[in-house]
Amino acid sequence: MALQDLYSNIHLLMRWLHVIAGITWIGHLYFFNFVNVPLQAALDDAGKKAVNPQMMPRTLWWFRWGAMITLLAGLWLFVQIYFYIPGEGFAATSLLVDAEGMTDRSIWILFGMLFGIIMWFNVWIIIWPIQKKILGGTASAEELPKIRRRAFLASRANTYLSGPMLFGMLAPSHYGAINWVTALIALTLGLLAIHHSIRSSSKVGKSV
Ligand code: HEM
């Protein structure tokens with residue numbers, strides 16, 4: 001029965017693609033922020049020259065294409081869940097609006113998507129063009145510290161945004177109710193968890 005249901009099968013496949021690409025993206029983001037920042041601080045110039053030309057192009061490839069596939073599969077899911085009625089075609093579904101207006105589910109996903117889309121923008125419009133310049137050796141010595149700092153701040157901002165973003169991804173189909181209190185709790189818990197991880201990152205793993 002389920003195998004013949006094209007809508008459900010595509011839905012599951014796109015959910016799987018979205019989450020596996022999201023893991024790839026955010027996994028690399030956390031590697032950069034929790035592992036690589038303290039690692040670079042510990043390496044001398046010779047160490048950086050040996051490690052970075054090998055590591056950075058590889059990690060940045062998975063990072064940026066993970067972000068791209070996460071976004072595309074996420075937009076697909078958004079349209080399929082909220083703007084497509086099987087057998088009828090494209091139209092606002094009851095998961096988007098009901099008699100009382102926008103549903104809590106759709107408000108949660110818009111909360112998550114707002115953060116996710118800002119994060120995608122930071123990857124493709126700020127971080128990657130700067131890294132391409134740095135890796136390609138086309139940045140002048142004068143602009144190098146400035147653009148490095150810009151990329152670092154965009155990456156840090158994404159790390160913080162990822163905490164609340166994930167609540168916005170999980171709550172639509174696993175929680176439901178949204179109001180100022182639940183949204184504020186998601187925002188605060190998400191930001192605190194990331195803040196704690198960043199603060200711990202210079203200390204962890206030194207003595208293992
Ligand atoms: C980049 C922009 C993003 C968009 C447009 C987007 C969109 C969506 C949509 C529409 C859903 C389905 C919501 C529902 O069931 O009502 C969803 C679910 C989800 N997304 Fe995203 N998302 C984005 C980023 C991310 C990122 C970065 C992650 C990181 C891992 C992520 C992880 C998830 C997870 C785990 C689910 C729930 C899957 C489930 O419960 O079955 N998303 N997303």
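# Exercises: the ligand and its surroundings

Let's start with the company the ligand keeps in this predicted model: the shell around it holds 15 nonpolar, seven polar and two charged residues.

**Exercise 1.** Work out which residues are closest to the ligand, and find which helix gives the most to the shell.

*Solution.* Begin with the whole shell: 24 residues surround the ligand, counting those with a heavy atom within 4 Å. The closest are R15, H18, Y82, M169 and H174. Next, turn to the helices. At least two shell residues come from each of α1 (6-42), α2 (45-82), α3 (104-136) and α4 (144-174). The top contributor is α2, with eight residues. Finally, look at the pockets: the ligand occupies the second largest one.

**Exercise 2.** Identify the protein donors of the iron atom of the ligand, then explain why the arrangement counts as octahedral.

*Solution.* Step one is to find the protein donors, which are NE2 of H18 and SD of M169, at 1.9 to 2.2 Å from the iron atom. Step two places them in the fold: H18 belongs to helix α1 and M169 to helix α4, so this pair ties together parts 151 residues apart in sequence. Step three is the geometry. Six donor atoms surround the iron atom, and the angles they subtend run from 86 to 179 degrees, which makes the arrangement octahedral. For comparison, the ideal angles for six octahedral donors are 90 or 180 degrees.

**Exercise 3.** List polar side-chain atoms that lie within 3.5 Å of an oxygen atom of the ligand.

*Solution.* Take the residues one by one. For H174, a polar side-chain atom is 2.6 Å from a ligand oxygen atom. For R105, the distance from a polar side-chain atom to a ligand oxygen atom is 2.9 Å.

**Exercise 4.** Describe the order of helices and strands along the chain.

*Solution.* First take the inventory: five helices and four strands. Then read along the sequence, which gives α-α-β-β-β-β-α-α-α. To finish, add the dimensions: the C-alpha trace spans about 60 × 35 × 35 Å along its principal axes.

How values were computed
Residues numbered from 1 in each chain as written. Predicted model: local features only at pLDDT ≥ 70, side-chain atom pairs only at ≥ 80, totals over all residues. Heavy atoms only, no water. Polar contact = N/O pair within 3.5 Å; in protein donor to acceptor, adjacent residues only side chain to side chain. 1 Å grid on protein atoms, 1.4 Å probe; cavity = no way out; pocket = protein on both sides within 12 Å on 5 of 7 lines; lining within 4 Å. Sits in = over half its atoms within 2 Å of the grid points. Nonpolar A, V, L, I, M, F, W, Y, C, P; charged D, E, K, R; others polar. Donors = N, O, S within 2.8 Å, 3.2 Å for Na, K, Ca; no water. Tetrahedral: all angles 85-135°; square planar, octahedral: opposite > 155°, others 65-115°.
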